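Colleague: I have a few questions about this model. Let us take them one at a time.

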Amino acid sequence: MQTVRSSEELAFVREKLRGGATLALVPTMGALHAGHIALVTEAKRRADRVAATIFVNPTQFGPSEDFSRYPRREAEDASMLEEAGCDLLWMPAVRDIYPEGFATTVRVSGISERWEGEARPGHFDGVATVVAKLLLAMRPDVALFGEKDFQQLAVIRRMAADLGLGVEIVGVSTVREPDGLALSSRNAYLSADERQHALALPRALHDAREKILGGSSVADVLQAARSSLVDAGFSRTDYFALVDADTLEPIEAPAGAMRLIAAAVIGTTRLIDNISV
Ligand SMILES: Nc1ncnc2c1ncn2[C@@H]1O[C@H](COP(=O)(O)OP(=O)(O)OP(=O)(O)O)[C@@H](O)[C@H]1O
Ligand SMILES: CC(C)(CO)[C@@H](O)C(=O)[O-]
Ligand code: BAL
């Protein structure tokens, strides 16, 4: 695996790697786990060459969020990617992505406005802008994103289609711990006690799915789910909602492809998760 940092170095190495081969891109913020490796494994199935990026993107973090304490583990990340069969790792510096005078924002309206967009103002502008830049620099045939960040995947699909980026956006199922907690770099913030209580989140999603499929009132089910998170020690639930799986609009009575999505805070850690219904 070749590791590059500057955009100039990337342009040179990318041309050599690419040749006539197909290329897949796995964008990440590092602190890699088995969820990220599942993206690389799927990328290898879909393209001849696989590139990954590690960039903790400052513009997608709010002023009081965890940008400065976000885990950074470059050496371990690089060995994990190499072992997974990644061919190229790009770890740009902030000035490579946002050079002096940078003044452009990619904003996806509609689908980015509710849920995460409401709880984290400006977050999806940062995500859409950086992903557009990564895709334009790497120009892959396919780019892979996790369903754990379900709304992010929908926002990126919309952005890539609207801008005609000519890349296939592929979603990969959420990888979970054996007990059901979705793998996330932010799980590293959880104390042992919080880690135990955090399980209430995937449990609440599963219980809610069973009850909705069993015919219970959606409003009652969502209320019960929020209460179960309070009982488990979550201090705040930003949202716990049943949405249309394509538009992410809330739905009150079961119909079509649906998704339960949730975001809640335990201790100092904000967790998100979702499941299909
Ligand atoms: N458990 C998982 N299963 C599958 N994909 C995942 C999982 N966790 C993260 N991903 C995907 O990996 C990519 C990079 O995500 P990122 O580096 O932010 O990791 P993360 O674990 O989601 O971190 P965070 O804790 O910041 O949310 C994204 O496309 C994300 O959806
Ligand atoms: C897609 C992404 C790499 C953009 O910074 C990030 O939001 C993430 O890791 O999910
Ligand atoms: N995993 C999505 C990126 C973020 O939370 O900022």
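Modeller: Start at the glycine after H9, then; the model is predicted. H9 is followed by Gly-215.

Colleague: What is the phi of Gly-215, positive or negative, and near what value?

Modeller: Gly-215 follows helix H9. Its phi is positive, near 100°.

Colleague: How far apart are the end C-alpha atoms of H9?

Modeller: H9 covers residues 200–213, which makes 14 residues. At 1.5 Å a residue, the helix should span 20 Å. The model agrees, with the end C-alpha atoms apart by 20 Å.

Colleague: Which elements do the buried residues of H9 pack against?

Modeller: The buried residues of H9 are Ala-200, Leu-201, Pro-202, Ala-204, Leu-205, Ala-208 and Ile-212. They pack against two helices and three strands by name: H8 (192–198), H10 (218–231), E7 (236–244), E8 (258–266) and E9 (269–276).

Colleague: Which residue just after H1 takes a positive phi?

Modeller: H1 spans residues 7–18 and has twelve residues. It reaches 16 Å from first C-alpha to last, close to the expected 16 Å. Just after H1, a positive phi of about 45° is taken by Gly-19.

Colleague: Now ligand 2. Which element gives the largest share of its shell?

Modeller: The shell includes Pro-27, Thr-28, Val-127, Val-130 and Val-131. Strand E2 (23–28) and helix H6 (123–138) each supply at least two shell residues. The largest share, three residues, comes from H6.

Colleague: How many residues of that shell are charged?

Modeller: Asp-149 and Gln-152 are among the residues around ligand 2, as are Met-29 and Asn-57. The shell divides into five nonpolar and four polar residues, and the charged count is one.

Colleague: Gln-60 is also in the shell. Is Gln-60 buried or exposed?

Modeller: Gln-60 sits in the loop between strand E3 (49–54) and helix H3 (74–84). The cut-off for a buried residue is 20 or more other C-beta atoms within 10 Å. Gln-60 has 21 C-beta neighbours inside 10 Å, so it counts as buried.

Colleague: Which UniProt annotation covers Gln-60?

Modeller: Leaving aside neighbours within four places in sequence, Gln-60 is in contact with His-123, Gly-126, Val-127 and Val-130. The unreviewed UniProt entry annotates Gln-60 as "binding site".

Colleague: Last, the whole chain. What is the radius of gyration of the protein?

Modeller: The protein has ten helices and nine strands. Its C-alpha atoms fill a box of roughly 55 × 40 × 40 Å along the principal axes. With 277 residues, a compact globule would come near 19 Å. The protein agrees, at 19 Å.

Technical notes: Residues are numbered from 1 along each chain as its sequence is written. Chains are lettered from A and ligands numbered from 1 in the order in which they are written. This is a predicted model: local features need pLDDT of at least 70, side-chain atom pairs count only at pLDDT 80 or more; totals for chains, interfaces and linings use all residues. A residue is near a molecule or strand if its C-beta atom, placed from the backbone, lies within 6 Å of it. Helices (H or I, at least four residues) and strands (E, at least two) are DSSP runs, numbered from the N terminus. Ala, Val, Leu, Ile, Met, Phe, Trp, Tyr, Cys and Pro count as nonpolar, Asp, Glu, Lys and Arg as charged, and the others, Gly among them, as polar. The expected span of a helix is 1.5 Å times one less than its number of residues. UniProt positions are given in the numbering used here, feature names are shortened, and annotations may be inferred rather than shown by experiment. A residue is buried if 20 or more other C-beta atoms lie within 10 Å of its own, exposed if 12 or fewer, and partly exposed in between; C-beta atoms are placed from the backbone. Two residues are in contact if their C-beta atoms, placed from the backbone, lie within 7 Å. The radius of gyration is taken over C-alpha atoms; the globule rule is 2.2 Å times the number of residues to the power 0.38.
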